[in-house]
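I opened the model to look up how its strands pair and where its charged side chains meet. The entries below follow the order in which I checked things.

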Amino acid sequence: MSKVKKDGASLSDNRCFGCGPANEHGLKLKFAVDREAGTSTATVKLARRWEGPPGHVHGGVIATMLDEAMGKLNKIHDVVAMTRQMEIEFLRPCPLGEPLTVTGRLVQRDGRKIFMESEIHNAAGKLLVSGKGLFIVIDAETAFAKHTKARMSEACPVAVSAPAASKPRPR
């Protein structure tokens, strides 16, 4: 049985590639958000289907993990924000089949701009990848109205409902 939010939308409707349970081809990352510390954390062990260089995670998947870790921090501000810019420093290859911990950290908020950082460490705590991101707060109702009538997800904080039918404006 799928969980249902107060607006009636099922959490299993979330098709986000990084965190959505309804995306059969996605990563299905599960993050814990600590509002007080301003962090989000997930531990994952990636299978061979995510391979880039032999035995290691593809760079695009790594970028997705960093983006998700930072994006989850929008919950701290109870906003929907989208990635505007990301910078990634690949320090060491990320091995497949071994626990990797991805962490996002809130750096600063300035109006609609939210600055964040993220990192991936191996089980021994060695830093493998670091990233920085700039997210811009958006009006989700307007931005996603044409794609969905009602959608709410705990995993990806997107609360969207279709705009009320508007009356034609007199000319």
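Entry 1, the criterion. I count a salt bridge when a side-chain nitrogen of Lys or Arg is within 4 Å of a carboxyl oxygen of Asp or Glu. By that cut-off Arg48 and Glu51 form a salt bridge, because their closest N and O atoms are 3.5 Å apart. I note that this is a predicted model.

Entry 2, surroundings of that pair. I looked up the accessibility of both partners. Arg48 is exposed, at a relative accessible area of 65%. Glu51 is partly exposed, at 27%.

Entry 3, the other salt bridges. I searched the whole structure and got five salt bridges. One of them joins the side chains of Asp78 and Arg35, with 3.0 Å from N to O. Asp78 sits in the loop between helix 1 (59-71) and strand 3, while Arg35 sits in the loop between strand 1 and strand 2, so this pair ties together parts that lie 43 residues apart in sequence. I find Asp78 exposed, with a relative accessible area of 61%, and Arg35 partly exposed, with 48%.

Next I checked Lys72, which forms a salt bridge with Glu68; their closest N and O atoms are 2.8 Å apart. Are Lys72 and Glu68 buried or exposed? Both are buried, and the threshold for that label is under 20% relative accessible area. I also noted a network of salt bridges that links Arg105, Glu117 and Glu119. As a general remark, side chains of opposite charge can pair when their charged atoms come close.

Entry 4, the sheet. I then traced the strands. Six of them make an open sheet in the order 1-2-4-5-6-3, and the pairing is antiparallel. Strand 1 (32-34) and strand 3 are the edge strands, each of them pairing on one side only. I get an average turn of 20° between neighbouring strands of this sheet, with direction ignored.

Entry 5, strand by strand. Strand 1 pairs with strand 2 through three bridges in the antiparallel sense; Ala32 has Thr41 of strand 2 as its bridge partner. Strand 2 (residues 39-45) is joined to strand 4 (residues 99-110) by seven bridges, and these two strands also run antiparallel. Here I picked out Ser40, whose bridge partner in strand 4 is Gly104.

How many bridges join strand 4 to strand 5? I count ten, with strand 5 covering residues 113-122 and running antiparallel to strand 4. Leu100 stands opposite Asn122 of strand 5. Strand 4 and strand 5 form a hairpin that has two residues between them. In its turn, Gly111 has a positive phi of about 65°.

Entry 6, Pro93. Where is Pro93 placed? I find Pro93 in the loop between strand 3 (80-90) and strand 4. Pro93 counts as exposed because its relative accessibility is 55%, the cut-off for exposed being over 50%. I then listed its contacts, leaving aside neighbours within four places in sequence: Pro93 is in contact with His56 and Leu128. The C-alpha atoms of Pro93 and His56 are separated by 6.3 Å, although the two residues are 37 residues apart along the chain.

Key:
Residues numbered from 1 in each chain as written. Predicted model: local features only at pLDDT ≥ 70, side-chain atom pairs only at ≥ 80, totals over all residues. Heavy atoms only, no water. Pairing = 2+ DSSP bridges. Buried < 20%, exposed > 50% of the residue type's maximum accessible area, 1.4 Å probe, protein only. Contact = heavy atoms within 4.5 Å. Axes fitted to C-alpha atoms, helices over the stretch in contact; angles between N-to-C directions.
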